[in-house]
Protein chains: 2
Amino acid sequence: MKGSVVTDTATLVSPVAPRALGVRRPLAVPAVRITPSARLGAWQARNAAATIPHCIGQLEEAGNLDNFRRVIGESDAQWRGFWFADSDVYKTIEAVAWEIARTGTHAFDSWLDDVIALVGRVQEADGYVMTWIQGVHPEKKFAELDWTHEMYVLGHLVQAAVALDRAAGRGDLLDIAVRFVDLVDRTFGPGADQVGYCGHPELETALVELYRHTGEDRFLALARHQIDHRGSGLLKVGGLGARYFQDHATVRESRAAVGHAVRQLYLNAGVTDLVLEGGDDELLDAMRDQWDSAHHRKMYLTGAFGSRHRDEAFGDDYELPSDRAYAETCATIADLHWNWRMYLAEGGSRYGDVIERELYNALAASLDETGTRFFYSNPLQLRPDRYSEENAPRERTPWYACACCPPNIARVFAQLGAYVASVDGDALALHQYTGVEVDLPVELGGGAVTVHTSYPDDGRVEISGPAGVKLRLRIPAWAAGATIDGAAVSPAADGYAEVVLGGGTLVLDLPLGARWTSPNHRIDAVRGCLALERGPVVYCVEEADLPEGVQLADTLVDPTRTPGEADGALEIGLITRTPDGVLYGPISTSTTGEAVAVRAIPFHTWGNRASGAMRVWLPSA
Amino acid sequence: MKGSVVTDTATLVSPVAPRALGVRRPLAVPAVRITPSARLGAWQARNAAATIPHCIGQLEEAGNLDNFRRVIGESDAQWRGFWFADSDVYKTIEAVAWEIARTGTHAFDSWLDDVIALVGRVQEADGYVMTWIQGVHPEKKFAELDWTHEMYVLGHLVQAAVALDRAAGRGDLLDIAVRFVDLVDRTFGPGADQVGYCGHPELETALVELYRHTGEDRFLALARHQIDHRGSGLLKVGGLGARYFQDHATVRESRAAVGHAVRQLYLNAGVTDLVLEGGDDELLDAMRDQWDSAHHRKMYLTGAFGSRHRDEAFGDDYELPSDRAYAETCATIADLHWNWRMYLAEGGSRYGDVIERELYNALAASLDETGTRFFYSNPLQLRPDRYSEENAPRERTPWYACACCPPNIARVFAQLGAYVASVDGDALALHQYTGVEVDLPVELGGGAVTVHTSYPDDGRVEISGPAGVKLRLRIPAWAAGATIDGAAVSPAADGYAEVVLGGGTLVLDLPLGARWTSPNHRIDAVRGCLALERGPVVYCVEEADLPEGVQLADTLVDPTRTPGEADGALEIGLITRTPDGVLYGPISTSTTGEAVAVRAIPFHTWGNRASGAMRVWLPSA
């Protein structure tokens with residue numbers, strides 16, 4: 001795969017391989033080899049060694065595979081899980097596919113053989129395959145698109161199939177996927193006598209990728225057909241309203257991120273895919289408005305989305321409660337996917353900035369050190385009396401009744417290389433800083449660029465490669481004072497600093513001092529609070545690090561005290577307050593007690609000790 | 001009814017008529033005649049003229065009565081509404097009953113005749129009557145106590161029946177109710193071979209009242225049986241957990257208000273009823289802990305409860321978001337009922353304080369000036385971009401699919417007199433200040449005490465009555481500086497000031513100056529904010545009162561500027577801020593713009609003009 005030609009999209013082993021090539025072009029996953037000792041590389045290694053095998057085991061244990069077997073009489077188990085549980089199987093296959101792309105492993109081959117053959121046996125003659133419908137509610141086949149998730153499940157099947165064909169040249173799952181897509185096309189496509197789209201967007205982005213992979217226009221046409229018709233109110237409105245599944249307005253009209261966060265963000269990924277393949281300016285304009293809504297008014301500091309438990313929804317503008325943050329892991333992953341497509345569509349460092357925020361915070365926090373326990377919901381605050389809820393436990397758990405997140409985590413870690421570097425015109429663009437070796441495509445002269453760094457622990461990034469190679473380096477918005485070879489950087493308008501390698505080693509230095517971050521004054525939930533950040537990493541304080549008898553709820557941070565380094569953590573100053581028994585009273589003049597020095601730890605490492613209180617946003621003195 | 005003998009509970013026309021009489025004894029509703037021109041009296045008049053007739057009309061329009069008719073072939077309508085819709089009929093009957101008690105009206109007699117006869121025809125031979133089960137799901141009869149609400153519906157039937165017999169001496173509905181109770185007793189009572197209690201508490205308090213009214217011990221025993229067994233985990237746990245319906249722990253063990261707020265509070269009313277009829281100290285102790293939890297850690301400033309939409313639940317301690325306050329009207333009513341029982345159990349002005357807070361804020365805000373449009377959810381903040389949700393519309397609506405609140409409002413306004421005054425030992429206790437004439441029971445010497453006041457607009461309360469009558473006057477916690485006949489009051493330990501009438505007019509003066517209220521520092525949602533109160537009334541600011549172009553989200557209150565009276569409203573000073581496009585950034589040093597004078601209006605009058613932003617808690621400069 002070295003020196004892969006990016007203009008040959010059919011062979012570009014990447015999650016996103018646009019046909020309509022612009023200035024910005026992805027690289028193949030195997031062409032971006034992250035160093036195993038680097039932070040991102042270690043996460044990928046853990047993913048391969050622990051998370052993917054864990055998911056494979058859970059698919060058996062939780063009944064997902066028995067759900068297939070029972071349809072064809074190979075199991076007498078009861079149907080188990082949520083009705084869209086097939087998608088967990090496909091996401092796990094996709095994770096395996098990117099792992100094959102990344103390392104060439106054959107460790108999962110026999111599992112793939114078994115599972116793909118099983119799916120093939122379950123597929124009906126007309127192409128249909130969804131075990132809950134087939135095995136429990138056949139009468140609902142294509143009859144309740146608002147809730148059945150049939151096309152959502154198909155979307156994940158298509159993504160897995162495309163990934164597997166790209167990564168391993170294995171087309172058996174792709175044949176299955178195409179047969180199901182053909183059925184949807186015949187039933188609800190441009191030539192059919194009825195329009196239909198899924199209550200849960202996801203098929204749209206998958207269809208565009210299927211078009212890219214196969215070159216067959218009808219898949220692109222079907223994606224466009226579904227996106228054009230969405231918002232015509234075809235989905236039956238339930239108690240959660242039409243916004244819940246983005247059917248309240250057309251994609252062109254809908255300029256605010258609303259409703260179920262994962263649905264909105266997968267939809268936006270699909271719409272942006274359409275834009276990349278020749279969509280019109282109006283669609284891109286709608287996506288820009290959506291992006292502003294989601295990222296300038298509705299994003300948590302950790303790169304998480306969704307403020308409400310009731311309908312897993314984006315809240316109102318600036319409604320960002322730390323305690324009741326739903327902040328579903330899948331929403332962060334969906335947003336990461338969308339941001340990558342937005343970057344490809346129009347460039348700009350803000351997209352890499354968001355992806356970096358998501359990687360090191362919401363996404364990294366969603367699993368533990370072993371890679372086998374997960375958060376579904378990722379709140380920024382835990383109170384001591386909070387009891388565990390189904391989707392928002394106090395501690396990470398090995399699996400969920402609705403297990404959408406764990407295999408989603410597995411596939412995104414396996415495909416991480418895709419988001420680290422790419423081609424930008426005549427330059428190699430570096431988006432994420434990590435130890436990595438990047439094969440240069442032939443149009444950039446071939447050879448490889450190598451990055452050495454212990455980022456984000458340290459801000460020193462050493463880059464070497466053939467002399468004359470032009471680099472475009474993302475300068476994060478937080479990195480005021482960044483230097484290249486000791487000279488202050490002056491990024492271009494798009495936030496990337498351009499530099500030409502001289503043959504030796506270039507040093508990018510990103511200032512990684514701890515900094516206090518303040519919320520927009522319209523965010524009611526964290527008014528009067530500050531958060532601690534260091535580079536891309538958001539910190540938090542856990543009760544476990546407080547002196548005996550001091551409650552986190554009764555402390556104020558002293559921002560005048562400079563945070564100190566403390567063995568992977570930061571030491572900050574807190575001032576204790578006397579608790580007050582009265583809920584509401586006159587303006588208080590009393591306040592503060594003694595000052596204590598306390599460790600703040602990276603947010604992504606929270607919840608690994610005693611399950612006490614936790615806060616990202618700290619009330620400020 | 002003049003000079004009614006309070007020791008004769010069988011004839012005490014009051015919602016709560018304890019048999020085990022303690023020092024504190026209720027008065028009959030007709031013995032407490034609120035002046036029609038007083039605030040509370042005007043609300044009662046509106047209730048009689050508008051709200052009750054509106055409810056009666058809606059019961060027909062929304063299908064509640066057809067639900068009965070169709071069971072016996074008198075209608076071919078489809079079943080409509082939520083499965084517990086029968087309870088809306090019973091609550092409306094109860095409202096009518098208290099209206100009869102209050103005024104002796106016969107305006108509703110023929111409606112009562114028709115409806116009670118209808119219920120009687122629908123009742124099965126074994127005593128069962130619940131139209132959703134009978135007419136839609138007969139197989140669920142007593143089979144799914146976690147969700148069916150059968151005993152909840154029965155509880156409202158019993159309360160209506162007792163009220164009607166007390167108010168009008170009309171026992172036909174009581175006969176129906178007792179037959180259904182007998183069935184429950186045979187099926188799940190102390191002598192039955194199975195235990196059963198309802199997913200939605202409510203029957204418990206009704207059963208104790210039925211015991212009080214009839215003197216039959218088996219009703220008390222059944223109430224005790226259900227309360228003793230609750231928390232044994234008999235209810236099938238769904239996705240919302242056992243806390244949702246208070247089945248996670250026994251009543252004795254459960255010391256924090258958790259789960260569905262209305263359920264917890266109705267349950268607590270029933271438990272406190274049991275305490276009043278000779279329950280043990282452990283139960284009372286549990287209720288005290290529950291009370292502290294609900295009122296010192298989980299109550300909104302407006303006297304509302306329930307922080308979460310997902311499960312209509314109390315949140316964690318200090319989890320009190322203004323924007324996502326569920327704050328269901330029924331929870332406030334349930335808490336009012338519980339507080340009255342807690343007062344009877346142990347005295348103390350804090351209970352009257354809470355009732356007053358609820359009356360003038362959450363409850364008063366739940367309907368509009370016409371008395372025919374209602375809020376189900378009563379948030380303390382509305383953002384400009386918030387869209388209407390099923391149970392949390394931007395504006396009051398005439399009815400709801402789940403219409404529990406409107407008839408609940410109707411019954412509580414009709415019975416208000418019960419909470420205004422009572423006997424406390426050898427004194428008449430005044431709990432709520434309003435124009436009123438109170439008949440003194442014979443043991444206090446007979447005659448009447450009269451109160452003249454335009455409270456809460458004015459703090460002057462003139463009280464007259466026979467010389468030698470001892471009064472106990474609740475001094476609200478906020479009323480520092482209150483005087484009686486010009487002398488500073490020094491209330492007793494229970495918060496009531498004792499005084500003996502001299503034959504002339506006594507003047508209680510409650511200082512009604514506007515005051516700024518600060519939240520406990522543990523309430524994250526309103527940190528850095530102040531609320532404006534005047535006497536018992538909480539104020540808010542609506543966007544409609546801001547200068548053109550100024551958004552409420554971009555203002556700070558200036559608490560150093562003394563609020564001024566402004567024609568029923570208060571004028572306060574706000575300082576404008578420049579909006580910031582960045583969601584998170586460095587600690588800002590910029591801030592404020594110009595100072596503007598703005599009207600703050602009583603919270604209970606919000607939402608009657610253009611549907612713009614609203615805030616109770618105002619960020620403070």
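## Where chain A meets chain B

Visitor: Which strand of chain B is joined to strand 14 of chain A, and by how many bridges?
Guide: Three bridges link strand 14 of chain A with a strand of chain B, and the two run antiparallel. Keep in mind that this is a predicted model. One pairing to look for is Ser518(A) with its bridge partner Gly585(B). The chain B strand, made of residues 584-586, is strand 20.

Visitor: How many residues of each chain are in contact, and what area is buried between them?
Guide: Chain A puts 61 residues in contact with 61 residues of chain B. Carbon and sulfur atoms give 47% of the area buried between the chains. That whole buried area comes to about 5,100 Å².

Visitor: Which three residues supply the most of the area that chain A buries against chain B?
Guide: No other three residues of chain A supply more than this trio does. Together they account for 16% of what chain A buries against chain B, and they are Tyr387(A), Leu583(A) and Tyr584(A).

Visitor: How many salt bridges are there between chain A and chain B, and which residue does Arg324(A) pair with?
Guide: Between the two chains, the count is eight salt bridges. A salt bridge needs its nitrogen and oxygen within 4 Å. For Arg324(A), the closest N and O atoms are 3.9 Å apart, and the partner is Glu319(B).

Visitor: How many residue pairs are in polar contact between chain A and chain B?
Guide: Here both residues of a pair have to be at pLDDT 80 or more. With that condition, the count is 26 residue pairs.

Technical notes. Residues numbered from 1 in each chain as written. Chains lettered and ligands numbered in written order. Predicted model: local features only at pLDDT ≥ 70, side-chain atom pairs only at ≥ 80, totals over all residues. Heavy atoms only, no water. Contact = heavy atoms within 4.5 Å. Buried area = accessible area lost by both parts, 1.4 Å probe. Salt bridge = Lys/Arg side-chain N within 4 Å of Asp/Glu carboxyl O. Polar contact = N/O pair within 3.5 Å; in protein donor to acceptor, adjacent residues only side chain to side chain. Pairing = 2+ DSSP bridges. Helix = DSSP H or I, 4+ residues; strand = E, 2+ residues; numbered from the N terminus.
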